[in-house]
Amino acid sequence: MTIFEAIKERHSVRQYTETPISAETEEKLRSVINECNGESGLNIQLILNDPECFNTFLAHYGKFKNANNYLALVGSTSLADLDERAGYYGQRIVLEAQKLGLNTCWVAGTYGRGKCKADISKGEKIVCVIAIGYGVNSGTPHRSKPMDKLCDVAKDDMPSWFKNGVVAALMAPTALNQQKFHITLDGENGVITSKRGPMTRIDLGIVRYNFEAASGHKCVTGAREK
């Protein structure tokens, strides 16, 4: 599976089977997590066989089922871009999980923060979690805003790499499917800015990773829009 295929096929899944993650798949996941932590300075952790984190009213209201495995995105509060960094590297792991045949769901509020089994040191905080496992189904694509609402570059003026990045960015998961970001082209660089709102900095990191992974070009993030 190519990275673009993983981006296209990955959808949010809230209901999982009871099939445990195999030892081989777990080893591959932990290897990717270790790489991401080494690059980012984050403390992302894989928690397996914990039914309590999603044993809350909001989780049940959100129709989570058998969400017993999850990634805890943990990092130092001294990092000015902690949320964006967590989104970026979390999405990298999510897409690798998709390649391994797993399903995922980004979760910012509908889990038991106090029940999370992650090891959080002094000076760290948990940004959010990502449910992970074998889904009852593969989920469904989210509705996306038209490309011209999120990007001000005309299609005919887009380099092929930039168009690939924008298409992948439109498929990125965002909180409440709000897609509060904007993409433009500055010379040889893609530039992504986000509007203010709940979880938009996490979303910015997720969108940026999709863009870079699909385009093969680095992308910079601009100042927040009002």
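The lining of the largest pocket, sorted by class, is made up of 13 nonpolar, 10 polar and 3 charged residues, and this pocket is a useful place to enter the structure, which is a predicted model. The space inside the largest pocket comes to about 700 Å³. Of the 26 residues that line this pocket, those closest to its centre are Arg-14, Trp-106, Thr-174, Ala-175 and Leu-176, so a reader who finds these five in the 3D view will have found the middle of the pocket. Two elements, strand S3 (103–107) and helix H7, each supply at least two residues of the lining.

From the pocket we can step back to the chain as a whole. The protein chain contains 7 helices and 7 strands, and when it is read along the sequence these elements follow the pattern α-α-β-α-β-α-β-β-α-α-β-β-α-β. The radius of gyration of the chain is 17 Å, which is close to the 17 Å that the globule rule gives for 226 residues, and therefore the chain is as compact as a globular protein of that length. Along its principal axes, the C-alpha trace spans about 50 × 40 × 35 Å.

Two further values describe how the chain is packed. Buried residues make up 47% of the 226 residues, and, among contacts with a separation of 6 or more, 75% are accounted for by residues 24 or more positions apart. The accessible surface of the chain comes to about 11100 Å², and carbon and sulfur atoms hold 49% of that surface.

Individual residues make these totals easier to picture, and a good example lies in strand S2 (residues 70–76), where Leu-71 is placed. Is Leu-71 buried or exposed? Leu-71 is buried, because its relative accessible area is 0%, and the cut-off for buried is under 20%. Leaving aside residues up to four places away in sequence, Leu-71 touches Ile-33, Gln-45, Leu-46, Ile-93, Cys-128, Val-129, Ile-130 and Ile-132. One of these partners shows how the fold brings separate parts of the sequence together: Leu-71 and Ile-130 are 59 residues apart along the chain, yet their C-alpha atoms are separated by 4.9 Å.

A second example comes from helix H4 (residues 82–99), which holds Gln-98. Gln-98 counts as buried because its relative accessible area is 9%. When residues up to four places away in sequence are not counted, the residues that Gln-98 touches are Met-1, Ala-6, Glu-9, Arg-10 and Asn-103.

Val-167, which lies in helix H6 (residues 160–170), offers another case to set beside these two. With a relative accessibility of 27%, Val-167 counts as partly exposed, and its contacts, again without residues up to four places away in sequence, are with Phe-4 and Met-147. The C-alpha atoms of Val-167 and Gly-139 are separated by 19 Å, although the two residues are 28 apart along the chain.

Beyond helix H6, the chain enters the loop between H6 and strand S5 (181–186), and this is where Asn-177 has its place. Asn-177 has a positive phi of about 55° although it is not a glycine, and with a relative accessible area of 30% it is partly exposed. Gln-179 is also located in the loop between H6 and S5, and it too is a residue other than glycine with a positive phi, in its case near 45°. How does its side of the story end, buried or exposed? Gln-179 is buried, with a relative accessible area of 2%.

The last feature to look for is an enclosed one. How many cavities of 30 Å³ or more does a search of the whole structure find? The search finds 1 such cavity, and about 30 Å³ of space lies in the largest cavity. Its lining is formed by Gln-178, Lys-180, Phe-181, Ser-194, Thr-200, Asp-203, Leu-204 and Val-207, which divide into 3 nonpolar, 3 polar and 2 charged residues. Helix H7 (residues 200–215) gives the most to this lining, with 4 residues, and H7 also supplies at least two residues of the lining of the largest pocket, with which this tour began.

Note on methods: Residues are numbered from 1 along each chain as its sequence is written. This is a predicted model: local features need pLDDT of at least 70, side-chain atom pairs count only at pLDDT 80 or more; totals for chains, interfaces and linings use all residues. Side-chain values use heavy atoms; hydrogens and water are left out. Buried means under 20% relative accessible area, exposed over 50%, partly exposed in between (1.4 Å probe, protein chains only). Contact means heavy atoms within 4.5 Å. On a 1 Å grid over the protein atoms alone, a cavity is a set of points where a 1.4 Å probe fits but cannot get out, and a pocket is an open set with protein on both sides within 12 Å along at least five of seven lines; lining residues have an atom within 4 Å of a point. Grid points are joined across faces, edges and corners, and a volume is the space filled by probe spheres set on the points. Ala, Val, Leu, Ile, Met, Phe, Trp, Tyr, Cys and Pro count as nonpolar, Asp, Glu, Lys and Arg as charged, and the others, Gly among them, as polar. The radius of gyration is taken over C-alpha atoms; the globule rule is 2.2 Å times the number of residues to the power 0.38. Accessible areas come from the Shrake-Rupley method with a 1.4 Å probe; for residues, only the protein chains shown count as cover.
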